[in-house]
Amino acid sequence: MSGSWGYPYRRERYGSFTEKEAPGMQLFEKLIDHAQAARLVLENTPRLPVADMPLMEARGLALAEDLKAKFDSPPFDNSAVDGYAVRSEDAREAGRTFEVIDEAPAGRPATRSVGSGEAIKIFTGGVIPEGADAVVMVENTSGWGEEFELKKAATAGQNLRAAGEDVREGDMILRAGTEIGAPEIALAATQGYGELPVSKRPRVVVLSTGTELVEPGTRELSPGEIFDSNSFALLAQSLEAGADARRVTAASDDADVLRAAMEEALSTADVVVTSGGVSVGEKDLVKGTLLDLGVEQVFWGIKLKPGKPVFFGKREDARFFGLPGNPVSAMVCFELFVRPALMQMMSREDRHRPRIGVYFDEDVENRFGRMHAMRVTLTRTEGGWRAESVGAQGSGLVSSLTKADALALIGPESEGVRAGEPVEAIVLREEVLL
Ligand code: AMP
Ligand code: MG
């Protein structure tokens, strides 16, 4: 460890236990590596069904099917300006006088057609009347009136927006997979779509567990208590990922309370995310309760720092992530496992966090025997992206997260990385790449 990183060295909290030292304690059967855990999550996470959603609810989701134009757009030839619709053959020279016989404001087509020497007053978006093939701007005439004098010659097609010049009937206007933002909503609306087929948002329920937890803003802390920050953090992460997420008040480490809260969450959510109570302590009841509730364990325990005790399981269509209680572990594990699952459910793989190669200026050790997802800042240099530890890497240091641009993945195999050696990093703040 190079001194500048300064994160404390401690013995593994759990790694030092053996059955003999901790009789009766449930231990991790087998830790799997981080890549395998990520793969298992995706393999065991279904895509959510496609549903037609009102335009505004589809915002931010991925279009599930190609969208075709139902008709030519614009649907009729119309005027691009305010002025007069005329026959261009009458308007080849300035100086001619026209008789105004009707008008065609937007939404109200003229009832008459334009004959020789005649004009119809027209406004932007008005239907080009029969007989007319050009529009002269009012600025190029003597002005509004029963008749006018042309001040500037006109040509056929001038100031006219042709039917179908935007999109043609049958054109594919939006491809499946496209993220629905304002322009896509505009285009769909011009084609009369009030709903769009999208992959639904997963319903996420976030639940903190721990008798020490107090709802922020409700009262002062008593000795030994802390405010629940995880459920807010995880809710924010879920919402940021595009999920339809809510949080429930923290459950205490009481078996019945926990069981009721988890059952309620499991029966109403596509994804349940808990924090705390998932390790090997006597008060860590989450895993046992889940198994009682019929949740099938996919894995429990990852060779990862922070985030060793992560539990992932499933019950029918619901997926369950039991994240560790330490705030940094919870948030990092959300990034590594929950967010990709949510994206897959929504068919939003294009929204995965960018992964880039970074390097450190100094050697960085990893003696944990687990992948270290290290919080780093990023700086663009001539040699590429330089990563630097945010400082102490303790998994309770919430303030460190506000400083991190990325998670550098430092594998356990080589016990670290050398200065300058390429390291993969997951970029959390994409704006730093700009
Ligand atoms: P646990 O995983 O339950 O053993 O919790 C590990 C550490 O994280 C303990 O110090 C807990 O007090 C803390 N912790 C657990 N849940 C939360 C939470 N919701 N908000 C903030 N800290 C928490
Ligand atoms: Mg706890």
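Here is a quick look at two spots in this predicted model: the surroundings of ligand 1 and the second largest pocket.

**Around ligand 1**

Let's start with the ligand. There are 15 residues around ligand 1, and those that come nearest are Ser208, Glu212, Asp228, Gly277 and Gly325. Sorted by class, this shell holds nine polar residues, four nonpolar and two charged. Two strands, β13 (203–209) and β15 (226–227), each give the shell at least two residues.

Some of these neighbours put a polar atom close to a nitrogen atom of the ligand. Here are three such pairs:

| Residue | Atom on the protein side | Atom on the ligand side | Distance |
|---|---|---|---|
| Asp228 | polar side-chain atom | nitrogen of ligand 1 | 2.8 Å |
| Ser208 | polar side-chain atom | nitrogen of ligand 1 | 3.0 Å |
| Asn230 | backbone N or O atom | nitrogen of ligand 1 | 3.3 Å |

How much of the ligand does the protein bury? On its own, ligand 1 exposes 480 Å², and the protein buries 79% of that.

**The second largest pocket**

Now for the pocket. The second largest pocket holds about 290 Å³ of space. It is lined by 13 residues, with Gln237, Met331, Glu335, Arg353 and Leu428 closest to its centre.

Which helix gives the largest share of that lining? That's α4, with four residues. Helices α4 (230–240) and α7 (327–345) each supply at least two lining residues. Looking at domains, at least three lining residues come from domain 1 (34–48 + 200–345), and at least three from domain 4 (355–433). By class, the pocket lining has eight nonpolar residues, four charged and one polar.

Notes: Residues numbered from 1 in each chain as written. Chains lettered and ligands numbered in written order. Predicted model: local features only at pLDDT ≥ 70, side-chain atom pairs only at ≥ 80, totals over all residues. Heavy atoms only, no water. 1 Å grid on protein atoms, 1.4 Å probe; cavity = no way out; pocket = protein on both sides within 12 Å on 5 of 7 lines; lining within 4 Å. Points joined across faces, edges and corners; volume = space filled by probe spheres on them. Nonpolar A, V, L, I, M, F, W, Y, C, P; charged D, E, K, R; others polar. Domains from an automatic or database assignment. Near = heavy atom within 4 Å. Polar contact = N/O pair within 3.5 Å; in protein donor to acceptor, adjacent residues only side chain to side chain. Areas by Shrake-Rupley, 256 points an atom, 1.4 Å probe, with all protein chains shown as cover.
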